[in-house]
Structures are given as C-alpha cells and as structure tokens.
Amino acid sequence: MNSQLIEKATELRNKGLTTGEIADELNISKDTTQWLIVQMSQKTNNKQKQKPDDFAINWRTIGSSSTRMQYISAALASLIDEEIDTVVGITVSGVPFATVMADYMDAELAVFHPIKHMKNESSQGAMSNNFANIKNKKVVIVDDVITSGKTITDAINVCKTHGAKPVAVTVLVDKKGLNDLNNVPIKSLIKINKVG
C-alpha cells in the first residue's frame, strides 16, 4: 500500500500538483504527502524519516457515480437539523457534495479555497467571488474528509470573517474523531477512531 501511495504521490507531483492538492487527491494529510514524496527521493539514500500516523481514504466508488454522489449528499444534508441559507463547499472534493446538498436543502452555494491549494500559502483561505455571498447567512461547511482539522478551522474562520454564521460542518469521513471545531458541530457519516 505504501509503495502504491508513494508512486501516486510522485506521479501527481510530476504533473505539477502542490503538496496540498496531492493531499486532497489522496485524502491524506500534508505531512503524509510530504513523507511519501520524500520516500521516493530517499530510495537511493537509504535514509528513512518516521512515517506519519495516517489513513488513506479512497472514495472513488462514490465519486465516480453521480447517482451515488446524490445519495451520499442527501445523507449529508439529512445530518443538518436547522434551516440554512448557504452550503459552503471546500474545493476540490467538498464542492460536488455541497452542490447537490444545496439543491436538496433549497440553499445557495458558496465555494471556499483552502490555504493548501494556494501557490503562496497565505494566512487564510478565500471565498470564491463566483458563487453566493455568505454575509449574514447561516451556512453549513462541506468537505469530503477531515484529516487534521486545519482546513475546516480555516473555513470556519473565513466564513465568520465574511459575516456568516457557520451552524455545522458535514463530511463524509472524519479521521480525527472530532465533535466540534471552534464551537461549530462536526457531523460526519463515518468517524474513524484509533484504538490503542
């Protein structure tokens, strides 16, 4: 499994993807992505850095089918207990879920670009101007996987900065086992808890 991830990470790097984009594509943390990329270059040096504690999540069976995406998005929408105005999708993988959820919830759609996708990793991510304005709106933030919680925390902070009230975060998989971040409830379909 590690050798397959190393090869995939190296292939994506060679295509020009940033570390953050590779992490998103493989649903792993940036630390794990950096470790995988270093492994390929260190095969000749025999130096091994300690492997990060992480799990790779592959949800291609869902993502390759619009019907399955609709079902999963409906399940994510059903986790929200209150009326919301706008669904905020985190690029890249949160946007398909958010798009369908917005339709189910009769809400507007907004898009958030996380720090890890920016060429010059600034202090915070950014809301896209091509989608709904979130000022004075009750929003739900949507992503595919929580790995470290940094992207979700950034999205919550940026939404608040833009005058929105985040009422919840929904994700397909929560690898951290979080109940909330910055007093915003985390609602996941699958929660991974490490035992031992």
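This report describes salt bridges, burial, backbone geometry and a charged surface patch in a predicted model.

The model is predicted, so local features need pLDDT of at least 70 and side-chain atom pairs count only at pLDDT 80 or more, while totals for chains, interfaces and linings use all residues. Residues are numbered from 1 along each chain as its sequence is written, and side-chain values use heavy atoms, with hydrogens and water left out.

**Helix α2 and its surroundings**

Helices (DSSP runs of H or I, at least four residues) and strands (DSSP runs of E, at least two) are numbered from the N terminus. Burial is stated by relative accessible area: buried means under 20%, exposed means over 50%, and partly exposed lies in between, with a 1.4 Å probe and protein chains only. The areas themselves come from the Shrake-Rupley method, in which only the protein chains shown count as cover for residues.

Helix α2, spanning residues 19–26, is mostly covered, as six of its eight residues are buried. These are Thr19, Gly20, Ile22, Ala23, Asp24 and Leu26. The helix is followed by Asn27, which has a positive phi near 55°.

Gly20 also serves as a reference point for Gln34: the two are 14 residues apart in sequence, and their C-alpha atoms are 9.4 Å apart in space. Gln34 is placed in helix α3, residues 30–42, and is partly exposed at 39% relative accessibility.

**Salt bridges**

Side chains of opposite charge can pair when their charged atoms come close. A salt bridge is counted where a side-chain nitrogen of Lys or Arg is within 4 Å of a carboxyl oxygen of Asp or Glu. By this criterion the whole structure holds five salt bridges, including the three tabulated here.

| Salt bridge | Closest N to O distance | Relative accessible area of each residue |
|---|---|---|
| Asp24 and Lys116 | 2.9 Å | Asp24 8%, Lys116 16% |
| Lys138 and Glu82 | 3.1 Å | Lys138 29%, Glu82 37% |
| Lys137 and Glu108 | 2.6 Å | Lys137 22%, Glu108 36% |

Asp24 forms a salt bridge with Lys116. Because Asp24 lies in helix α2 and Lys116 in the loop between β2 (108–113) and β3 (126–127), this pair ties together parts that are 92 residues apart in sequence. Asp24 is buried, and Lys116 is buried as well.

The side chains of Lys138 and Glu82 form another salt bridge. Lys138 belongs to strand β4 (residues 138–146) and Glu82 to the loop between α5 and β1, so the pair connects parts 56 residues apart in sequence. Lys138 is partly exposed, and Glu82 is also partly exposed.

Lys137 and Glu108 meet in a salt bridge too. The pair links distant parts of the chain, with Lys137 in the loop between β3 and β4 and Glu108 in strand β2, 29 residues apart. Lys137 counts as partly exposed, as does Glu108.

**The loop between β1 and α6**

Ser93 lies in the loop between β1 and α6 (94–104) and is buried at 14% relative accessibility. Contact is defined as heavy atoms within 4.5 Å. Leaving aside neighbours within four places in sequence, Ser93 is in contact with Asp24, Trp59, Asp143 and Asp144. Asp24 thus appears both among these contacts and in the salt bridge with Lys116.

Val92 lies in this loop between β1 and α6. A cis peptide bond joins Thr91 and Val92, with omega about 0°.

**Positive phi between β6 and β7**

Most residues other than glycine have a negative phi, and most peptide bonds are trans. Asn182 has a positive phi of about 50° although it is not a glycine. Asn182 lies in the loop between β6 (180–181) and β7 (184–191) and is partly exposed at 34%. Asn183, also not a glycine, has a positive phi of about 65°. Asn183 lies in the loop between β6 and β7 and is exposed, with a relative accessible area of 74%.

**A negative surface patch**

Glu83, Asp85, Asp103 and Asp106 form a negative surface patch. Patches are made of residues with over 30% relative accessible area and no salt bridge, with like charges joined within 9 Å. Asp and Glu count as negative, and the place of a charge is taken as CG of Asp or CD of Glu. Glu83 lies in the loop between α5 (66–78) and β1 (86–90) and is exposed, with a relative accessible area of 68%.

Key:
Patch = residues over 30% accessible without salt bridge, like charges linked within 9 Å, V, L, I, M, F, W, Y side chains within 5 Å. Areas by Shrake-Rupley, 256 points an atom, 1.4 Å probe, with all protein chains shown as cover.
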